[in-house]
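Biologist: Could you take me through one part of this model up close? I'm new to this, so please go step by step and keep it friendly.

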Amino acid sequence: MLDPIGVVKRQGASKLSHKTDGNSDEVEDCAIIGGGPAGLTAAIYLARFLRSVSVFDGGKSRASWIPKSHNHAGYPDGIAGHELLARMRQQAEQFGTKVIEQRVATIARQSDDFLLTYETGKRKFRTVLLATGVINRRPPIDDAVHQSAIDAGFLRYCPVCDAYEAKTAKIAVLGADGDGAAEALFLRRYSDCVTLLTLKESELQPVHQDALAKVGIEIVTSPVAEFDFSSGAAVTLMNGKKHRFDTLYPALGTDPNNDLALSLGLVVSGDRCLVADKNQRLGIKGLYAAGDILSALDQISVAMGQAAIAATTMHNDMRDEDGEAWKTV
């Protein structure tokens, strides 16, 4: 159908209702899978681009773990992760974003669109942003102890984020392999008391051992058998010895939430994260990514920047498809 200025319009492309329980044949503009900083930033941009936007949020954003972030610009006194997410969600919703507190079970290409299924229904979208993030591999402790230890600062996952807060502390790093050695060396700048622990037989190479010894990092080769975060970070080793630290950094790696991407046939990188082009496209028309699911520095500021690029690309790609974008011959 032609509008008054002769631009071809795609039927059902915008300003559609946000039903969460229907199996509607209507096609909305944008689905965002993931309700962390990347997903919510993209939602704010897209809603302000006058797009119909739905965010699917399974409630597992790693940002919610942060007791207080001091790296996030604009908050000189810091801001808790859950508060930041709440503010971002409020901002997205005030511009018309619909947040659906459910996980997407499947995603499938259907003609030129994407069909998403979730607990209470299925819906079609023109474009999809994957902002599904990664899952930290954790020490073997229960959820309540884990969260309590994070809140108290006895357990930390991101030296880039909060090593400043651990400066001069007695620090343990859990993960006696190359990644663990690298994290211990990073933290050595902040404290002269850094110890490398392991959950299994050490996989350190001589080059790792030499680098750690050079800067005075202790290597404990007996695996940890038990953790106690009731007051600091205490461990009992398999050999019966006990050690106590002010804080512990697990360096056990992460597992990307890449199942939906793999189901679409996307190829992942060596760390099993996704690889996007400079405009956050994933190589399938209408599919984009932002945040920790990508091979990049896992930081809120990076995720938000990627989300801004992705959202603008999504909007302009739809404008181009609808004949709204100016093209020179």
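Modeller: Sure! Let's start at one pair of residues: L174 stands opposite L197, which sits in strand β9. Keep in mind that this is a predicted model. The two strands here are β8, residues 171-174, and β9, residues 194-197, and they pair in the parallel sense over four bridges.

Now step back a little. β8 and β9 belong to an open sheet of four strands, and if you read across the sheet you get the order β10-β9-β8-β14, with parallel pairing. What are the edge strands? They are β10 (218-219) and β14 (247-250), and each of them pairs on one side only.

Next, look for the helix that goes with this sheet. Helix α5, residues 178-188, lies across β8, β9 and β14. Compare its direction with β9 and you get an angle of about 170°.

Let's zoom in on one residue of the sheet, T195, which lies in strand β9. Is T195 buried or exposed? Its relative accessibility is 3%, so T195 counts as buried; the cut-off for that word is under 20%. And what does T195 touch? Leaving out residues up to four places away in sequence, the list is I171, A172, V173, I217, E218, V220 and F245. You can match some of those to strands you've already met: I171, A172 and V173 are among the contacts of T195, and β8 covers residues 171-174. E218 is on the list too, and β10 covers 218-219.

For the wider setting, the protein chain has eight helices and 16 strands. Buried residues make up 47% of its 329 residues. Take the contacts between residues at least 6 apart in sequence: 59% of them join residues at least 24 apart. The C-alpha atoms fill a box of roughly 80 × 35 × 35 Å along the principal axes.

Elsewhere in the chain there's a helix pair to look at. Helix α1 (residues 37-48) packs with helix α2 (residues 81-94) at an angle of about 20°, and their axes are 9 Å apart. That angle makes α1 roughly parallel to α2, and α1 passes α2 in a left-handed crossing. On the α1 side, P37, L40, T41, A43, I44 and A47 do the meeting, and on the α2 side it's L85, M88, R89, Q91 and A92. Sort the residues of this contact by type and you find eight nonpolar, two polar and one charged.

Notes
Residues are numbered from 1 along each chain as its sequence is written. This is a predicted model: local features need pLDDT of at least 70, side-chain atom pairs count only at pLDDT 80 or more; totals for chains, interfaces and linings use all residues. Side-chain values use heavy atoms; hydrogens and water are left out. Axes are lines fitted to C-alpha atoms, for helices over the stretch in contact, and angles run from 0 to 180 degrees between N-to-C directions. Angles under 35 degrees count as roughly parallel, over 145 as roughly antiparallel, 65 to 115 as roughly perpendicular and the rest as oblique. A crossing is left-handed if the near helix is turned anticlockwise from the far one by less than a right angle, and right-handed if clockwise. Contact means heavy atoms within 4.5 Å. Ala, Val, Leu, Ile, Met, Phe, Trp, Tyr, Cys and Pro count as nonpolar, Asp, Glu, Lys and Arg as charged, and the others, Gly among them, as polar. Two strands pair if DSSP finds at least two bridges between them. Buried means under 20% relative accessible area, exposed over 50%, partly exposed in between (1.4 Å probe, protein chains only).
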